Amino acid sequence: MNASIPTVSLVGAGPGDPELLTVRALKRLQEADVVLTDDLVDARVLALLRPETRVLRVGKRGGCISTEQRFIHELMIREARSGARVVRLKGGDPFVFGRGGEEVTALREAGIEVEVVSGLTAGIAAPASIGIPVTDRRHAPGVAFVTGHRQDGEDAPDWAALARSGLSLVIYMGLARAEELVASLRAGGLDPRTPAAVIAAAHTAQQRQAICTLESLPATLKSQRIASPAILVIGTVVNEAWQVETLPGLQLSAVGSC
Ligand code: SAH
């Protein structure tokens with residue numbers, strides 16, 4: 001990177017475990033003068049920074065008071081113009097449901113160069129941690145990554161079309177509206193017995209997961225007290241999960257513990 005041109009590195013921190021950082025991400029973190037980080041980034045990743053690196057927490061958590069996006073843009077622009085080596089650190093991959101695109105647009109409009117350092121996204125890494133290969137061709141011709149969360153004025157995904165698509169469904173931020181999205185998928189014709197999985201806090205010490213069916217998913221989330229961040233997977237690809245017992249109904253599987 002040309003140090004004379006103000007530059008921001010948009011870096012993916014992966015889902016948790018620092019061993020899942022890319023080599024380039026680690027390099028950028030250790031070179032950084034200032035890091036603007038999301039809440040989701042694991043403390044063990046931040047522990048890799050040099051002691052003199054300034055860490056600005058600009059988390060955006062659904063439902064909580066969070067930093068305004070415009071303020072984050074201004075902060076990055078100011079730091080980059082001052083000559084600091086700026087890293088914008090995001091959980092998972094910076095371009096997967098992370099507003100990375102909006103940040104790139106704002107930075108480029110301000111004449112700042114942007115480097116994107118891709119990271120391992122939760123929608124692939126969380127299912128994989130319990131053996132679910134989301135594009136397994138024996139089950140589905142592909143996968144759809146969908147958000148279960150939307151803000152006022154944003155369109156909801158076309159759940160009926162997704163129900164008919166035959167794709168494995170990987171849903172980010174789906175806990176708050178789980179009942180609604182399950183009802184929409186069922187209304188769209190998806191078999192209520194379709195296998196479903198939830199993987200919470202994947203690749204962290206708090207990882208938990210449960211295997212159930214589409215129809216029992218809302219009850220499973222409640223009874224197992226599954227909390228955010230969590231990925232939902234819906235589709236027969238869930239049958240590939242490791243050590244899933246064949247008890248009827250729902251159970252918490254003790255697989256994939258970290
Ligand atoms: N850019 C991130 C996604 C940000 S949106 C990525 O690529 O992974 C935030 C959502 O990601 C959470 O609500 C949850 O659905 C998912 N998520 C992030 N980290 C997770 C983890 N360690 N385990 C399970 N889900 C996770």
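Colleague: How much area does the chain expose, and what share of it do carbon and sulfur atoms supply?
Modeller: This is a predicted model, and in it the chain exposes about 12900 Å², of which carbon and sulfur atoms supply 52%.

Colleague: And how many helices and strands are there in the chain?
Modeller: The chain has eight helices and 11 strands, and 48% of its 258 residues count as buried. If you take the contacts between residues at least 6 apart in sequence, 69% of them join residues that are at least 24 apart.

Colleague: Okay, let's go inside: how many residues does the largest nonpolar core have?
Modeller: The largest nonpolar core has 24 residues, and among those with the most contacts inside it are Trp159, Leu162, Leu185 and Ile234. Several elements each supply at least two residues of this core, including strand 6 (143-147), helix 6 (159-165), strand 7 (168-172) and helix 8 (217-223). The largest share, four residues, comes from helix 7.

Colleague: What does tryptophan 159 touch, not counting residues up to four places away in sequence?
Modeller: With those neighbours left out, tryptophan 159 touches Val146, Thr147, Ile171, Leu181, Ser184 and Leu185. There is also a second, separate core of 15 residues, which includes Ile132, Ile199, Val238 and Ala241.

Colleague: Switching topic, where is valine 34, in which strand?
Modeller: Valine 34 is in strand 2, which covers residues 34-37, and valine 34 counts as buried because its relative accessibility is 0%, while the cut-off for buried is under 20%.

Colleague: What is valine 34 in contact with, leaving aside neighbours within four places in sequence?
Modeller: Apart from those neighbours, valine 34 is in contact with Thr53, Arg54, Leu56, Glu79, Ala84, Arg85, Val86 and Val87. Take arginine 85 from that list: valine 34 and arginine 85 are 51 residues apart in sequence, yet 6.4 Å apart in space, C-alpha to C-alpha.

Colleague: Now lysine 90, is that one buried or exposed?
Modeller: Lysine 90, which is in strand 4, is buried, because its relative accessible area is 2% and buried means under 20%. Leaving out residues up to four places away in sequence, lysine 90 touches a list of residues that includes Leu10, Gly14, Asp38, Val41, Arg99 and Glu103. From lysine 90 to glycine 14 the C-alpha to C-alpha distance is 8.0 Å, although the two are 76 residues apart in sequence.

Colleague: Back to the surface then, which residues make the nonpolar patch of about 410 Å²?
Modeller: That nonpolar surface patch is made by Phe97, Leu120, Ile124, Phe145 and Met173. Phenylalanine 97 is in the loop between strand 4 (86-90) and helix 4 (100-109), and phenylalanine 97 counts as partly exposed because its relative accessibility is 38%, which lies between the cut-offs of 20% and 50%.

Colleague: How many aromatic pairs are there?
Modeller: The count comes to two aromatic pairs. One of them joins phenylalanine 145 and tyrosine 172, and this pair is edge-to-face, with 6.1 Å centre to centre and 70° between the planes. The pair links distant parts of the chain, since phenylalanine 145 is in strand 6 and tyrosine 172 is in strand 7, 27 residues apart.

Colleague: Of those partners, which is buried and which is partly exposed?
Modeller: Phenylalanine 145 is partly exposed, with a relative accessible area of 35%, whereas tyrosine 172 is buried, with a relative accessible area of 8%.

Colleague: And which residues form one aromatic cluster?
Modeller: Phe97, Phe145 and Tyr172 form one aromatic cluster, and Phe97 and Phe145 are also among the residues of the nonpolar surface patch.

Terms used
Residues numbered from 1 in each chain as written. Predicted model: local features only at pLDDT ≥ 70, side-chain atom pairs only at ≥ 80, totals over all residues. Heavy atoms only, no water. Core = buried A, V, L, I, M, F, W, Y, C linked by side-chain atoms within 4.5 Å. Buried < 20%, exposed > 50% of the residue type's maximum accessible area, 1.4 Å probe, protein only. Contact = heavy atoms within 4.5 Å. Patch = residues over 30% accessible without salt bridge, like charges linked within 9 Å, V, L, I, M, F, W, Y side chains within 5 Å. Areas by Shrake-Rupley, 256 points an atom, 1.4 Å probe, with all protein chains shown as cover. Salt bridge = Lys/Arg side-chain N within 4 Å of Asp/Glu carboxyl O. Phe/Tyr/Trp six-rings, centres within 6.5 Å; stacked < 30°, edge-to-face > 60°.
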